[in-house]
Amino acid sequence: MTRRYAIVGLGHRSRMYVDALLGDWSDTGEITALCDRNQTRMDYYNERIAATGRDPVPTFSPDGFPALLELADAVVVTTMDSTHAHYVCAALDAGRDVIVEKPLTVDAESCAKIAAAAERGRGRLVVTFNYRYAPRNSAVRELLAADRIGAVTSVHFDWALDTIHGADYFRRWHRQAENSGGLLVHKSTHHFDLVNWWLGSHPELVFAQTDLRFYGGSGAGAELYGPRPERGQGAPGLGTDPFILDISTDPHLKRLYLDAEHEDGYIRDQDVFTDPVTIPDNMSVLVRYGNRALLSYSLTTHAPSEGYRVVFTGTKGRIVLDVCERAWTPPQAAVDPSAHGKTHDEGTYERLTLHEHWKEPEEIPIVQGAGGHGGGDRLLLDDVFRGAGNDPLARQAGYRDGIRSVLTGVAANESARTGGPVLLADEGTRLLDD
């Protein structure tokens with residue numbers, strides 16, 4: 001029997017799942033319904049469906065979600081983060097399986113609601129942490145599991161988003177904390193999940209400091225780059241100012257957002273140096289784990305290059321993963337959204353080094369696969385649509401993994417607000433004062 005999939009939330013993020021079910025994973029099931037607050041976006045995806053020779057599928061507004069569930073065996077949730085819990089819980093309570101984009105949700109209250117729905121329902125909930133599947137991150141897991149550096153005592157994790165990727169969060173709905181939980185939830189949930197998975201442990205105490213220094217109306221960028229327009233379209237600097245995005249040049253983004261504005265008023269190209277922005281752009285976090293490992297983590301969003309460095313120190317040695325995903329960006333490429341997903345190969349690298357006590361450092365080869373994230377996206381989609389096989393790395397993530405990563409970010413936000421540490425309980429799945 002063909003498995004029926006409904007997609008709720010038809011923004012850019014849903015494209016990976018739609019294209020998978022129309023392409024290499026079409027043998028696993030079919031798209032039978034779409035749901036979004038914007039009919040223009042649903043019509044666009046129905047055109048993509050029809051272009052493959054299939055019939056367009058029924059479309060539903062959010063109010064019609066209960067009716068949509070009658071047409072689905074599983075639901076893919078790619079809506080705005082703050083709405084995830086509503087759709088996840090409703091689908092689980094209806095006995096449907098759920099595939100949800102990270103972050104699982106944005107706050108402790110909705111984490112508890114999702115946990116309760118997952119525990120009382122018969123549906124399966126999968127959170128799509130694609131970073132687990134990237135070959136370099138899997139290679140780290142293999143080294144740690146093989147006990148090459150003994151018990152991990154500390155992790156230093158520095159992630160830099162550049163002025164393409166980082167800036168884009170300050171153009172969209174993500175710039176409002178009520179929508180995204182801030183980047184310590186929306187973005188860092190990836191990184192916190194990696195640490196939980198790498199260590200096979202859970203967070204117990206979180207302390208953080210954050211600030212908004214570069215973006216927004218009062219940030220340093222607003223002074224550096226002069227008077228600002230409210231948005232990209234129609235701005236005098238469109239096509240030349242590297243911080244003004246021209247979404248009209250990308251047919252996909254144009255159809256999803258620019259052509260759809262008249263329905264819901266959502267502006268995809270807000271200027272990054274305008275207000276209101278209610279999320280920080282520089283974040284530092286300290287975490288203590290159940291196995292006594294200590295994490296120092298930093299995230300910045302306005303670096304000239306993009307990449308990350310993770311250093312694991314253990315009782316028998318050290319592992320260093322050093323990654324440069326984009327060494328720099330020419331100004332013209334910054335204004336063209338079609339170039340944003342591309343890496344300028346010159347100067348990029350990934351290096352994984354093992355240094356055991358009393359031995360010379362050893363460079364560990366990273367075996368790449370085909371497709372996005374070094375082949376990791378294909379592995380993820382196989383797990384999502386074909387089911388997890390016998391994976392010794394245990395990369396498929398469930399709701400408790402999603403909750404742990406979200407609550408690390410939630411705890412960090414709370415710590416930054418209050419100035420004090422925040423404790424977690426129940427193996428990182430509940431804030432202690434809940």
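A polar contact, as I use the term here, is a pair of N or O atoms within 3.5 Å, where within protein one must be able to donate a hydrogen and the other to accept it.

Entry 1, the start of α2. With that cut-off in mind, and remembering that this is a predicted model, I looked at N38 and found that it caps the N-terminal end of α2, with a side-chain oxygen 3.0 Å from the backbone nitrogen of T40. The helix itself covers residues 39-50, and its 12 residues reach 16 Å from the first C-alpha to the last, close to the 16 Å expected at 1.5 Å a residue.

Entry 2, the packing of α2. I listed the buried residues of this helix as T40, R41, M42, Y44, Y45, N46 and I49, and I then noted that they pack against α1, β2 (29-35), β3 (59-60), α12 (251-256) and α13 (261-264).

Entry 3, R15. I placed R15 in helix α1, which spans residues 15-22, and found that R15 touches Y45, R48 and H252 when residues up to four places away in sequence are not counted. The C-alpha atoms of R15 and R48 are separated by 10.0 Å, although the two are 33 residues apart along the chain. Is R15 buried or exposed? I record R15 as partly exposed, because its relative accessible area is 28%.

Entry 4, the sheet. I traced an open sheet of 10 strands with mixed pairing, in the order β14-β13-β12-β11-β7-β10-β9-β8-β15-β16, whose edge strands are β14 (362-363) and β16 (430-431). Within it, β11 (residues 306-314) and β12 (residues 317-326) run antiparallel and are joined by nine bridges.

Conventions
Residues are numbered from 1 along each chain as its sequence is written. This is a predicted model: local features need pLDDT of at least 70, side-chain atom pairs count only at pLDDT 80 or more; totals for chains, interfaces and linings use all residues. Side-chain values use heavy atoms; hydrogens and water are left out. Buried means under 20% relative accessible area, exposed over 50%, partly exposed in between (1.4 Å probe, protein chains only). Contact means heavy atoms within 4.5 Å. The expected span of a helix is 1.5 Å times one less than its number of residues. Two strands pair if DSSP finds at least two bridges between them.
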